[in-house]
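Good morning, colleagues. I should like to take you through one structure today, beginning with a single residue and ending with the protein as a whole.

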Amino acid sequence: MRMIRTCLAVLLMLGSLSIPGLARAQAPLEKRIALVIGNSAYQTALLPTPANDAGLIAQTLQAAGFDVVGARDLDQDSLRHTFRDFLDKATAAGPDAVVFVYLSGYGLQYEGENYFAGIDAKMTRATDVPVEAIRVSDFTKSLAALQNKGTILVLDAARTNPFVRSDQPLAGGLSIVDPDPNVLIGFNAAPGTVAPPEAGPYGAYAHALAEMMRVGGLALDDVFDRTRLRVSDATKGGELPWNASKFRTPFLFFDKGPDAPAQQVSALQGSAMRAKAIRDFDARDAYLAALDRDTLRGYEDFLAAYPNDPMAKRVRAIVAARREAITWRQTWVSDTPEAYWSYLRRYPHGPHGWDARRRLDHFEAALEPPASFTVIAYDVPPPPETEIIYVDRPVLYFDDPEFDFAPPPPPPVIFLPPPPPDFVVLAPPPAPVDLYVLPVPAFVPVAEWVRPARDIAPPENNVIFNNIHNTVINNTTTIVQEPAATPSPGLSTGAKVAGAAVVAGAAAAALHVALPPSVQKKAAVMPKQNPVAPAKPAAPGPVPAAVKPQDSHSLPGTNGSRLPLINGKPALQNPAPAQTPAPQAGTKAPGKASTAAVKPPLPGHALPAQATPGSAAPLAPGKTAVSTGSGKAGKNALRAATRPNVTVQASHKAAPNVQPRRVPPVAAKLNASPRPHDQAALHPPVQRVRQQNQARVNAPVSRPSGAMPQAHAQMQMQPRRQVQARPAAGRPQPHAPQKPGMKKECGGRDQPACPK
């Protein structure tokens, strides 16, 4: 009996140890999905950065383990279908999915709602906004209703929009919102304000957000708090991001490994700093502490402690915008005539004044309030007179020169560590070549101590996620390594990775963000409906024969070998002329330049059948070499001879009794674009041939006696270089008297016109 009890105790103990482990092993992995949209090609006004910003954010999310779909330059109809596709994907992902949505382009607010505009938006009146743009809350509420693990919505869209240029303008920027449960919402600029124009290649907000997302072990709220400080520092206070969160689930974009360096500011110091009163900081740190907290109370505490500080004027503008945004939000939530009268009493010329009047017209209420009405109780007090000047306009710019704001101080390490050296300046991405596809920036590997987040389900075929530390891009089918030769100066590690990936098609394709299904279908039919697509030739020429392989590869460079350089460009070897038959005149072979019929040259100036820049022109049987003498004819011959993949067919026959001059073939290689100061040094054979040609031109030419043949007379009528010797420099000499018995010529150069 004692033995049985002992065995039962051991089994119970082992069961108690194994069950938690079994529970952990069976815990569902976190799925991560993301939608990234960047609209730049607006028909009303182009934007330089949103497409690049979307590509940068999409690549960062891929590295963090997100299954990303995205597109650029979508119109309203494509946006609606894309949102529908993503809602289906989020539904299929289940309750263990974290959703990230990034929208960059033109955003605008109308009557308390935020809208995102497609590239085809044309809004001349305020009432056009609900028809011409997508209401963001419709999308976010549908996502929140899925009860997933959490949703992060980023609107990089608070810009000065070019729409509704009427006497009843819209309020500037985006409207402050209250996020749904387990949702975080971030704006690139504070509610009621707009970001300053940016030239690119990336916007300050997307650049800073991508930097902070790559920090290992940084909590979600800290990511957006540091982004706000970085953007404020990068734009000298001209742009101040904002975010509001009800995100309950602990979330990390990246984890931190045990080999991580010691933090300059410990977690304990950070907590103590946030608990410290604003008045206990000095003036510089007090401003940064208020900016880090980004609350109305924090800004007011700074003004109470340092009312005369150079930053006080800027803080008053921040407080004025935030107070007005909160007042309007509560007014719109109440949505009664009394609420709109209450707003107009506080802000008679405020940014939402026309929104309030439009809502009063909706209620068929008078614009002027009655003598007595119930004023609603707001959570914020009325604005003081010192704030009215900042909100007595439709749009507020924090870099407005009219206010003469002092630039903010740089944040110390205790608030914001310096950025990684290789992430300070990012090279612009290559231009995308496919419809709707996002640009692919050069990937900058994350620090070695940064680890992928634990307990997540990695997406399939995510090349970036599998190589967050590497200088190679690899997947299951292809391994792309860096070139063995010395890399070109100025290339970062990410640029070398992206450059190597282009060589291998499989890896390069894996770097692109997948298009949403509806956009894929639209892109598939666009070439058929594109009116500017190149038309097919009426009579296609013969298809060139297959090029024989050279050594172990068909084309130079495809085996990874480095190509020789000529004038800084790779020099490709040309196939033998016999292997590629020339297409017929007037037709265009696939992949070749069109061959046009040209005017027959003079005898002695026949053009070769094929010429390639950077190499001697091969001569066809029975043809003569190119004469590059002076004059228009010589320039045309040289231009035709150095034009790639152009076949010139000569059908002119020499006149009888006239022997064409034959020019020795040019043995030296011709440079397609030689520099004037080194022509003699690089091409002495060309100079020698030109001198010989010039001597032949100046020599007298014998003509046959008697009547001139008709073919020869037609040749003389060509507006090209004359066979006869030209007079010496100076004024033209009068015509010599005609010899007796010779037929008078007419119609040629320096000859009288023929009688009709």
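**From a loop to the whole protein**

At 35% relative accessibility, Pro384 counts as partly exposed, because buried means under 20% and exposed over 50%. Please bear in mind throughout that this is a predicted model. Pro384 belongs to the loop that runs between α13 (353-362) and α14. In sequence, Pro384 and Ala320 are 64 residues apart, yet their C-alpha atoms are separated by 8.9 Å.

Let me turn to two residues with another kind of environment. Val98 is part of strand β3 (residues 97-110). With a relative accessible area of 1%, Val98 is buried. Beyond its neighbours within four places in sequence, Val98 touches Glu30, Lys31, Arg32, Ile33, Phe66, Lys149, Gly150, Phe247 and Phe251. A further pairing concerns Thr249: this residue and Val98 lie 151 residues apart in sequence, while the C-alpha to C-alpha distance is 9.6 Å.

The second residue is Thr82, located in helix α3 (residues 76-93). Thr82 has 1% relative accessibility and therefore counts as buried. Again setting aside neighbours within four places in sequence, the contacts of Thr82 are Leu35, Ile37, Leu74, Pro516, Ser518 and Val519.

Helix α3 also brings us to a packing arrangement. How is a pair of packed helices described? The description uses the angle between their axes and the distance between the axes. For α3 and helix α5 (residues 136-144), the angle is about 10 degrees and the axes are 10 Å apart. The two helices are therefore roughly parallel. On the α3 side, the contact involves Phe83, Phe86, Leu87 and Ala90, and on the α5 side Phe139, Ser142 and Leu143. Sorted by class, this contact comprises six nonpolar residues, one polar residue and no charged residues.

Next, helix α9 (residues 283-293). Is this helix largely enclosed or largely open? Eight of its 11 residues are buried, so α9 is largely enclosed by the rest of the structure. The buried residues are Asp285, Ala286, Tyr287, Leu288, Ala289, Ala290, Leu291 and Asp292. Their cover includes the helices α7 (220-234), α8 (267-275), α10 (296-305) and α11. Immediately following α9, Asp294 adopts a positive phi of about 55 degrees.

I come now to internal space. Searching the whole structure yields 10 cavities of 30 Å³ or more. The volume of the largest cavity is about 80 Å³. This cavity is lined by 14 residues, and those closest to its centre are Gly192, Glu324, Pro351, Pro394 and Leu396. Two helices, α11 (312-334) and α14 (385-391), each contribute at least two residues to that lining. In terms of class, the lining consists of eight nonpolar, four polar and two charged residues. Helix α11 thus appears twice in this account: it is included in the cover of α9, and it helps to line the largest cavity.

Finally, the protein as a whole. It has 756 residues, of which 43% count as buried. Its secondary structure amounts to 22 helices and 14 strands. Among contacts with a separation of 6 or more, 73% are between residues 24 or more positions apart. Thank you for your attention; I welcome your questions.

Methods. Residues are numbered from 1 along each chain as its sequence is written. This is a predicted model: local features need pLDDT of at least 70, side-chain atom pairs count only at pLDDT 80 or more; totals for chains, interfaces and linings use all residues. Side-chain values use heavy atoms; hydrogens and water are left out. Helices (H or I, at least four residues) and strands (E, at least two) are DSSP runs, numbered from the N terminus. Buried means under 20% relative accessible area, exposed over 50%, partly exposed in between (1.4 Å probe, protein chains only). Contact means heavy atoms within 4.5 Å. On a 1 Å grid over the protein atoms alone, a cavity is a set of points where a 1.4 Å probe fits but cannot get out, and a pocket is an open set with protein on both sides within 12 Å along at least five of seven lines; lining residues have an atom within 4 Å of a point. Grid points are joined across faces, edges and corners, and a volume is the space filled by probe spheres set on the points. Ala, Val, Leu, Ile, Met, Phe, Trp, Tyr, Cys and Pro count as nonpolar, Asp, Glu, Lys and Arg as charged, and the others, Gly among them, as polar. Axes are lines fitted to C-alpha atoms, for helices over the stretch in contact, and angles run from 0 to 180 degrees between N-to-C directions. Angles under 35 degrees count as roughly parallel, over 145 as roughly antiparallel, 65 to 115 as roughly perpendicular and the rest as oblique.
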